[in-house]
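Ready for a few exercises on a protein model? Have a go at each task before you read its solution.

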Amino acid sequence: MSVYDAIRLRRDVRVEFTGEVVPDDTLLRILEAAHRAPSVGNSMPWDFVVVRETAMLREFADHVADKRREFHDSLPSDRTGTFNPIKIEGIVESGTGIVVTHNQSRGGTHILGRATVPETGIYSTILAIQNLWLAATAEGVGVGWVSFYDTPVLTDLLNLPPHVKPVAWLCVGPVTEFQTVPDLERFGWRDRRPLTAAVHWDRFTDRD
């Protein structure tokens, strides 16, 4: 499919995983696409931790479930009903987790292009995630980004050194389908902002 098709079809997958594990050759093609992302100073500050051990998947899923309950309990009453049917993860169902990490120290101190905007390091890692997601979509593989967790918990689970930070746990696996409408829109959490509201010409106009 074209890159435009992949962008339109890409979804944050939660419930459509088939339960099969994505084949290794497909997974490595997807990771190769992620690894080809542009990065500031060609520093390539990312790493990919592939998690398939069932006990680890269940341990992390249990932690995420606890954080989901905390978020649910923090919501005003008029939002809990909207949030209740929204599934936030497919950690066990996908069979594969890819944890994308960021190492700000990779490449040394003097990174070409990062001197005045240090955030370009983490931006590079985010670009790798986008590459991964679009490549997976083109392969018919679903991706779900899990963000309900405490960073120290994930750091300990993966035995990450102090200078390596987890950026995303991605649930990755074959899917039965890609939803035509994103879940948060389908369940009424928030509608998509139109392009006309996001485009500015020459000067920024506050439209919020």
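**Exercise 1.** Find out how the side chains of arginine 106 and aspartate 47 meet, and which parts of the chain they link.

*Solution.* Keep in mind that you're looking at a predicted model.
- Step 1: Check the N to O distance, which is 2.6 Å. A salt bridge needs a side-chain nitrogen of Lys or Arg within 4 Å of a carboxyl oxygen of Asp or Glu, and this pair is indeed a salt bridge.
- Step 2: Place the two partners. Arginine 106 is in the loop between β2 and α6, while aspartate 47 is in strand β1. They're 59 residues apart, so the pair links distant parts of the chain.
- Step 3: Look at accessibility. Partly exposed covers the range between under 20% (buried) and over 50% (exposed). Arginine 106 has 27% relative accessibility, so it counts as partly exposed, and aspartate 47, at 32%, counts as partly exposed too.

**Exercise 2.** Work out which parts of the chain the salt bridge between glutamate 139 and arginine 29 ties together.

*Solution.*
- Step 1: In this salt bridge, the closest N and O atoms of glutamate 139 and arginine 29 are 2.8 Å apart.
- Step 2: Glutamate 139 sits in the loop between α6 (120-138) and β3, and arginine 29 sits in helix α2, so the pair ties together parts that are 110 residues apart in sequence.
- Step 3: Glutamate 139 is partly exposed, with a relative accessible area of 34%. Arginine 29 also counts as partly exposed, at 43%.

**Exercise 3.** Now try the salt bridge of arginine 8 and aspartate 5: where do both residues lie, and are they buried or exposed?

*Solution.*
- Step 1: Their side chains meet at 2.6 Å, N to O.
- Step 2: Both residues lie in helix α1 (residues 3-9), three residues apart, or about one turn of the helix.
- Step 3: Arginine 8 is exposed, with a relative accessible area of 54%, whereas aspartate 5, at 32%, is partly exposed.

By the way, the structure holds eight salt bridges.

**Exercise 4.** Sort out the strand order of the open sheet and find its edge strands.

*Solution.*
- Step 1: Four strands run in the order β1-β2-β4-β3, with antiparallel pairing.
- Step 2: β1 (46-51) and β3 (141-146) each pair on one side only, which makes them the edge strands.
- Step 3: Zoom in on β2 (residues 97-103) and β4 (residues 164-174), which pair over seven bridges. Isoleucine 98 has leucine 170 in β4 as its bridge partner.
- Step 4: Add helix α2 (residues 24-35), which lies across β1, β2 and β3 and runs at about 160° to β1.

Conventions:
Residues numbered from 1 in each chain as written. Predicted model: local features only at pLDDT ≥ 70, side-chain atom pairs only at ≥ 80, totals over all residues. Heavy atoms only, no water. Pairing = 2+ DSSP bridges. Helix = DSSP H or I, 4+ residues; strand = E, 2+ residues; numbered from the N terminus. Contact = heavy atoms within 4.5 Å. Axes fitted to C-alpha atoms, helices over the stretch in contact; angles between N-to-C directions. Buried < 20%, exposed > 50% of the residue type's maximum accessible area, 1.4 Å probe, protein only.
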